[in-house]
Every structure is written in structure tokens, then in C-alpha cells.
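Me: I'm new to reading protein models and would like a close look at a single part of this one. Could you pick out one helix, walk me through it slowly, and then show me how the rest fits around it?

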Amino acid sequence: SAAAKGAVSWARAVLYRAGSGRRRLCACACFHQEEKARGRGRGDRADGQHQVQQQQHLDEGDNLLLAKACGRLGRKAAGARAAAAVRSRGGRVRARGIRAREPARNVVRAAEQRMSEPVTSESASEYGEEQDVVVVGGGITGLCTAQAIRASGEGTVKNILVTEARDVVGGNIITKQEGDYIWEEGPNSFQPNDFVLQAAVDAGIENELVFGNPTAARYVFWEGELRPVPSGPDAITNNLLSLWGKIRAGLGAVGIMKEDPPQNVEESVEEFIRRHLGDEVFYRLIEPFCSGVYAVEESVEEFIRRHLGDEVFYRLIEPFCSGVYAGDPTKLSMKAAFGKIWVLEEKGGSLVGGALKLMQEKKDNPPEPRDPRLPTPPKGQTVGSFRKGLQSLPRAIGEKLGDDVKVGWKLQDIDRVGGKYKLTYLTPDGPIHVSAKSVVLTIPSYTAAELLRREIPDAHSQLLSFQYPPVGSVVLAYPKSAIRDQLYNDEGEMNAFGQLHPRTQGVTTLGTIYSSSLFPGRCPDGEVLLASYIGGTLNQTILDQSESELADQVDRDLRQMLLKPDAPKGKVVGVRVWQKAIPQFCKGHLDALDAANDAVAEAGYEGCFLSGNYTHGVALGKCVEGAYKMSESVLDYCKELEASMPQVAQSEGVEVSSGDSESEFFV
């Protein structure tokens, strides 16, 4: 009846009001109208061009969400059919729900990654034989993914292609050298986990590794002085936290003074629908899409203040978030940004309880023996690099992959044709079509969004929701005599890592790394090299400043904290502003990422993988770890696909030869 149809339509529209952890249809455009009003009132940027771009994305988000509300069930049925077809061919499709999230306000459309006029089949040439895997993006994630597949996929992956739009591999890992100076324009070092060490061994440059001194001090600028961060027994005696702050943190860590997590007092979807529409509507229509109550997702600020108190948050965690993410801890998701800490409460009821439980689990299930080829870094809080800088790693991987890496190849389009992928590139030799069985997109989320815009609008809207604030890297050199005496030890050495600056202390610079103190050969003798970072989510005005203005600002900040009053003006070694630097793992990030992956699967794009720093983590070590884990997923898919080909051929009445030719397995 009309009444029943109306009730079902209403239920669908209400369904996604259930919260960030469950599916939301978001048929209400008023939600985004409110967001647009808030966006106009924030005044994050006065630049007219950015306001126009932000408004365009919000308008597109409204249209996409309305389209979702009207077409979700039809696409869901199509997705189920696609999933069944994939499974019959050995593919893997996840069946999680599509969750809606508003598009980011500050993402600039990467329209240059797609052509205004499509490349016709007549104008493009074909690139040789079909590729088993094409990795799009020659940054560290893409290169390590390809290297790991090459190392482990012998017999399964016969050919692999890595494409990079720029004229050099490495992505944001850029090492510069001028005279006696070596500095980084992107990441400055890495945590030496076994995945990074494995990448160095696989690339053949493990002998080039260098590690920082694990005893190097780390400082936080608080109330007019640089105070060391506690790193062991000095946690009791150091002056960064007050006595009460230490007591509060200790009691909270063991669960005595820990506040209860925020609770959702609203009804669950099940309770609401069954109360209004009855059991049949819930079990036959609503339950397949979602179930149960949802938990409130905490920000980093909420989690840390609840567990460890205000002092730990404002004096330690807030500057740490600025240093790692250049982000806003009131917006960053604790679960997404610092999942290893977040999970402790879930496992053990408190941070200490969770840590003890993890230690017991590790004891009960010891890891596999460590690869003896891997170097052993110093014990303690050390960081790593290479003698000639971080770019040594992507350069070595690129050289090892050889002709399988193509630079200057700009991906314009990606299509799914006949169960395979057709990728269209603009190259120095003209337009080229590449056929592939699987594709790994290791490009930024906003670039991947534009590539999937036409074919998978749900993935497009979710991938555009990730914010990338601007960050500037400013590298200055000073005479050693310009540094305050308290930074040197009795041997006259500056054994320190660097410093972080809480935003409450009136300092514009986010933090400074003492590059020449960490690694050898970074600057001439008698000088110190300081790499400072500026900008981030809460200071996007750096886009309106010149390089000299940024250098002057950093110099003023350093005089307030690190330099002697009579120190000479710093020598500007290098300045680099990244307009879209670090993806922000804000609340809802994991849901949006799941939604994007689900949309790709539901569209029938099995064998298309989303990867990069927005999926695995922003630190270099996290990117490498994610790349090696992603390679396992790609290899599993390729194996399943290869195993399913004879069955597909037989089901379609095609005789399969027992020969080894790859082409004999495809119809």
C-alpha cells in the first residue's frame, strides 16, 4: 500500500541517523546545509578561490547524498550480484555498509589528474602485454608494494608496472644536497621497524642505514623554557609535569582515576525501528543494513584527558599531534590516529591493564623468529635514515625495479572492461592504454577520488572527505655558538632530537628537529642544521606567505626558545611548502575509509586496492608497513584469480590447455 511504501521510505531515510559506526543513508540534505553554514562562518581562509572550491565540493556532496538516498537499495542489490560473481571467479568482496561523510572543506580538486577531453582508442597506443599488477603512484608506498610483490610473488605475478606522474620516484620523500648541506623537504626520519629494515635489505642498501642516538633528549617548550620529555626513571623528577599532573596520569593509567568513556544515550536502530514499525520491518528491511547500538568515537583530546588528565594532554599530547599530524587533537580520532593506544582500554580496562594483557598474549603466542638479515637498531627511542638522506630508499627501489617503473606517466582514466582494468595514461611518448588484472592506487585520496568520480561516486565522496592541511618545511643553519649553552652536554655535544611547541605557548612553529645532531654529515663542521615545520590544520595562512616570510617567522620563534639573544640571522638552506601535506585521521576517518572500500567492491571493481598514507598511517614507517601488508592482499587476489580461471573457462564451454601460456587461461 501507499502507506507501507511511505513507511519504508521513511525508515530508509532515518536509518543513517544511527551514528558514525553504522550505515547512514543521510537522505536529509539539511545536514549538509548546516555544514555549509558552519563552513562559511569558520573563516578558515579568506581567499576567494578556496571559498568557491569549498562551496563546489559541498554542493557536490549534497547531490551525492541525495543520489545515495534514492538509489541505495538498487545499488545494494547490484552489489550483491557483483559480489556473487566475484566469488565465483575467486575474488574477494567485503560486505560492509556504505557510511556517508561530509566532503572536506579545504580539499582542492585535483582536476589536473583527469583530462577535460577523453583519450580516444584511436589516439592511444597499447602498452605491450597485459600486466598482472599495476601500481599507480611511485611514492614510498607504491614502490615498497611493488618490491614486496616482486620478492614474494614469483610464479604468481609474472609482470608488474609502477607508474609515477612526476619525473622522479619517491613522492614526498625529497632529499636535497647543496655543498656540505643535506636536508629533507618532506619526512625527516623513520621509526626503524622491521618493515622499513626489510625494505632496505630488499633494495640492497642496508649498509647505508644510520640511526640516531637513543639517549637523545626531546624537549617541549613550556612557560618560557625547553623542558625535557620524560623517557624513563626521570619521569618522577623532570619538570614538564607538576607533581599533581604526574599523580593524575599514574592513577589514570592504572584505571583508578580514569573517567568512564562517553556513552550513547540514544536508542539503537533496532530499538527505534521495532518500536515504530514493528519486528518485520526491522528484521526484513533494516537489520541487513545495520544492527545494535553504536559507540561514541572519541577525539585524541577526549581520550587523553579522560585517562591521563589535562596536563598530559596540553603539555605532551597536543604538541605531539602538531608534530606528527600538524593536526587538531580536538578533531583527530584516537582510534584512527593512535590505535595501538586506543585498543589498550578495550583489552584491559585501562592503559596499564591493556599493556599487561598484550604482553601476556605476546608471551603465549610468540612471533616468528626475526629475519637474521635485518640490521639491529640501537635499543631505545631511536630513529633512522640513510647516509645520503631518506631519498636513498625510493631511489634504490626504483633502480632495482628497473624498466618496470615509468615516470612522467599521468593516469587519466581507469575503467573496468571485461573483468580487467583499462588504464589510460598521458606519457612523454603520447597517450597509452595499459591492460591489467589488478590495480593498486597509492596516490593521495583526493587524486584517487577524481579517478573514481564517474564510475564509483560513493568512493569519490568518501575519499574527498579526508583533509590535507598545508605544512611548510624551513631549514636554517646557525653557528654552534648561537645555540644556548644548556643544550650542550659536558663533552660539548648537542645530544638532542628536537623540540615541540604547544599552541598555547604563543609559538607559531610546530616543532624543530636538530638534523645535524641526529645524523652525521648534514652540515659543515662548526654549524648546526635545524629543520622546522610550520602551518597545519590551525594555521593555513602559510599559503599566503612568501618563503622569506616563513623563514623569518621560524627565526623569530627559535630566538624565543633555542638561540642566544645575540645569535646571527640564520642561513636559509631550504624552504618547501606542501599545499596538501598530511591526511588528517579525524573522527569518522575509519568509517569513511571502509565506505570507500565497500563502494569499490560493490561497483564490481574487485582487484582494485586503495592504499597510501591515508589508509595505513602518516609516518614513513607506517607507510612501508602498510605497503608490505598490502602486497600480501594483492598476491592473495592474484592467486585466487589464477586458480579460478580454469573453472570460469570450463563453465563457459571453453577448452583449457594444459600448457603454461598465460593467455590460455583467459577467454
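Reply: Let's take helix α14, residues 392–401. Seven of its 10 residues are buried, so the helix is largely enclosed by the rest of the structure. Keep in mind as you look that this is a predicted model.

Which residues of α14 are the buried ones? They are S392, L393, P394, A396, I397, G398 and L401. Try clicking on them one at a time in the viewer.

What do those residues pack against? Two helices are on the list, α4 (140–152) and α5 (194–203). Three strands are there too: β3 (160–164), β9 (384–386) and β10 (405–407). Right after α14 comes G402, and its phi is positive, near 65°.

That positive phi is worth a short detour, to two residues that are not glycines. One is E223, with phi near 50°. You'll find E223 in the loop between β7 (217–222) and β8 (225–228). Is E223 buried or exposed? Its relative accessibility is 54%, and the cut-off for exposed is over 50%, so E223 counts as exposed.

The other is A326, which has a positive phi of about 50° although it isn't a glycine. A326 sits in the loop between α10 (310–325) and α11 (334–337). Its relative accessibility is just 2%, and buried means under 20%, so A326 counts as buried.

Now for a helix with a salt bridge in it. In α9, the side chains of E301 and R305 meet in a salt bridge, at 2.9 Å from N to O. Why does this spacing fit a helix? E301 and R305 are four residues apart in α9, so about one helical turn separates them. The general rule is that an α-helix has 3.6 residues a turn, so residues three or four places apart point the same way. As for cover, E301 is buried, with a relative accessible area of 16%, while R305 counts as partly exposed at 28%.

Just before α9 there's a loop to look at. V296 lies in the loop between α8 (279–286) and α9 (300–308), and it counts as partly exposed at 37% relative accessibility. Its C-alpha atom is 8.3 Å from that of P261, although V296 and P261 are 35 residues apart along the chain.

You can find a salt bridge that spans the chain, too. D415 pairs with R454, and their closest N and O atoms are 3.0 Å apart. This pair links distant parts of the chain, 39 residues apart: D415 is in strand β11 (residues 410–417), and R454 is in the loop between α15 (445–451) and α16 (457–463). Both count as partly exposed, D415 at 22% and R454 at 49%. They also belong to a network of salt bridges that links D413, D415, R454 and E455. Another salt bridge joins R373 and D371, at 3.0 Å from N to O, and D371 is partly exposed, with a relative accessible area of 23%. A search of the whole structure turns up 27 salt bridges.

Next, the empty spaces. How many cavities of 30 Å³ or more are there? The count comes to two. The largest has a volume of about 50 Å³. Its lining is made up of I182, W183, E184, N188, S385, S515, F519 and R522. Strand β5 (residues 181–184) gives the most to that lining, with three residues.

From the inside, let's go out to the surface. V254, I256, V352, L356 and M359 form a nonpolar patch there, with about 480 Å² of accessible area together. L356 belongs to helix α13 (residues 351–364), and it counts as exposed at 53% relative accessibility.

Finally, zoom out to the whole protein. It has 21 helices and 19 strands, and 51% of its 667 residues count as buried. Take the contacts with a separation of 6 or more: residues 24 or more positions apart account for 75% of them. The accessible surface comes to about 30,200 Å², and 52% of that belongs to carbon and sulfur atoms.

So when you go back to α14, picture a helix with seven of its 10 residues buried, packed against α4, β3, α5, β9 and β10, and followed by G402 with its positive phi.

Definitions and conventions
Residues numbered from 1 in each chain as written. Predicted model: local features only at pLDDT ≥ 70, side-chain atom pairs only at ≥ 80, totals over all residues. Heavy atoms only, no water. Patch = residues over 30% accessible without salt bridge, like charges linked within 9 Å, V, L, I, M, F, W, Y side chains within 5 Å. Areas by Shrake-Rupley, 256 points an atom, 1.4 Å probe, with all protein chains shown as cover. Salt bridge = Lys/Arg side-chain N within 4 Å of Asp/Glu carboxyl O. Buried < 20%, exposed > 50% of the residue type's maximum accessible area, 1.4 Å probe, protein only. Contact = heavy atoms within 4.5 Å. 1 Å grid on protein atoms, 1.4 Å probe; cavity = no way out; pocket = protein on both sides within 12 Å on 5 of 7 lines; lining within 4 Å. Points joined across faces, edges and corners; volume = space filled by probe spheres on them.
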